[in-house]
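Please find below some notes on the model, set out as numbered points. They take up charged side-chain pairs, then the sheet and its helices, and lastly confidence.

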Amino acid sequence: MRAIVPGAVALLCAYACVFSACPKERPYYYAAPAAGTYFTLRCYSAVPRAEMEKAVSAAFACMRRWELVLSERDARSELSKINAAPDGVRIPISPELADALRVAFSIAEETEGRFDPTLGPLVRLWRRRSRTGADSKPESLALASAASGYHKLTLGQNYILKTVPGMHIDLGGIGKGYMLDRMAEVLRRHGVSRYLLSSGSDFLAGDPPPGSCAWKITVDGTEAELVHAALSTSGAEYQSAAIDGVVESHIIDSETGRGVPRKRSVTVKATTAAEADARATGKYVGK
């Protein structure tokens with residue numbers, strides 16, 4: 001998923017129940033901007049406040065570090081440098097980016113390309129179309145489509161190879177979920193197990209709040225309970241544009257090269273936030 005409308009997702013917590021159940025575990029809330037949205041952390045912990053601050057600082061430092069790996073808009077990121085590299089040559093990549101790409105490619109295969117991390121040329125074309133409100137010329141669409149397709153990118157152990165000119169990797173449909181997964185690992189290493197992480201329309205939960213069976217969240221008016229799992233929502237409500245009289249979401253259908261026409265959002269639950277994020281995109285395209 002990409003940028004969201006603030007307030008589109010409401011988060012509920014039963015504080016009275018929490019405080020009466022376990023007075024030694026204090027509630028905490030933190031938020032910081034990244035990847036075009038806000039990442040938030042709600043958690044409960046009995047560790048000393050100084051230790052809690054260290055854990056939170058480490059988690060948000062992890063968020064910023066991964067943004068510098070995965071962002072396709074930040075010219076400083078590893079991904080941006082790879083996108084700027086020529087086709088036809090092996091491009092060395094870090095173990096971190098290689099792992100993220102393997103997860104992305106696995107879900108691309110699983111969804112038969114309905115989620116595809118190589119649709120960057122079509123995404124950039126959609127952004128231009130959304131600004132003007134006019135459709136693209138057929139030749140522009142054909143050129144962007146020819147430069148897209150995960151099967152046109154070779155992923156090795158420590159390199160990638162772009163087999164056609166103009167390829168541009170865009171991890172917007174999985175990156176924020178992947179970042180949440182890495183932040184959760186940091187929290188657990190610091191002894192923080194009761195947490196709910198969010199990056200807008202993506203959620204990742206650990207142990208539930210004290211005195212409760214699960215974290216309670218509300219997405220598009222529907223309440224859900226989450227514990228040791230992730231949940232992600234995808235849809236035109238979060239970003240769309242009227243292009244030649246048709247409202248298109250920012251989520252690209254690789255078969256047409258255009259944004260999926262506006263329809264009801266979809267929500268997916270999974271073990272990891274990266275899986276939920278990418279599968280929600282794939283399900284929205286194939287809905």
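1. In this predicted model, the count of salt bridges comes to 14. Three of these pairs are taken up in the points that follow, together with the accessibility of the residues that form them.

2. Arg-279 and Glu-110 form a salt bridge through their side chains, with an N to O distance of 2.8 Å. Because Arg-279 belongs to helix α8 (residues 273–286) and Glu-110 to helix α4 (residues 95–110), the pair ties together parts of the chain that are 169 residues apart in sequence. Both ends have some access to the surface: Arg-279 is partly exposed at a relative accessible area of 27%, and Glu-110 is likewise classed as partly exposed, at 44%.

3. How far apart are the closest N and O atoms in the salt bridge that Arg-127 forms with Asp-170? The separation is 3.8 Å, and the pair links distant parts of the chain, since Arg-127 sits in helix α5 (residues 120–132) while Asp-170 sits in the loop between β6 (159–162) and α7 (175–189), 43 residues apart. Both Arg-127 and Asp-170 are buried. Through shared partners, salt bridges join Glu-72, Arg-73, Arg-127 and Asp-170 into one network.

4. Within that network, the side chains of Glu-72 and Arg-73 meet in a salt bridge at 3.8 Å, N to O. Glu-72 counts as buried because its relative accessibility of 14% falls under the 20% limit, whereas Arg-73, at 61%, counts as exposed.

5. Turning to the sheet, six strands form an open arrangement in the order β2-β3-β7-β8-β11-β15, with antiparallel pairing. The edges are held by β2 (26–34) and β15 (266–270), each of which has a single partner strand, so one side of each is left without a neighbour in the sheet. Neighbouring strands are turned against each other by 10 degrees on average, with direction ignored.

6. Strands β7 (residues 194–198) and β8 (residues 202–205) run antiparallel and are joined by three bridges; Ser-198 has Phe-203, in β8, as its bridge partner. Helix α7 packs on the sheet, where it touches β3 (37–45), β7 and β8, and its direction makes about 160 degrees with that of β7. Helix α8 lies across β8, β11 (229–234) and β15, and runs at about 145 degrees to β15.

7. As for confidence, the mean pLDDT of the protein is 91, and 91% of its residues reach 70 or more. Over residues 1–22, however, pLDDT stays under 50, although the model has 59 contacts beyond four places in sequence for this stretch.

Methods. Residues numbered from 1 in each chain as written. Predicted model: local features only at pLDDT ≥ 70, side-chain atom pairs only at ≥ 80, totals over all residues. Heavy atoms only, no water. pLDDT = per-residue confidence, 0-100. Contact = heavy atoms within 4.5 Å. Salt bridge = Lys/Arg side-chain N within 4 Å of Asp/Glu carboxyl O. Buried < 20%, exposed > 50% of the residue type's maximum accessible area, 1.4 Å probe, protein only. Helix = DSSP H or I, 4+ residues; strand = E, 2+ residues; numbered from the N terminus. Pairing = 2+ DSSP bridges. Axes fitted to C-alpha atoms, helices over the stretch in contact; angles between N-to-C directions.
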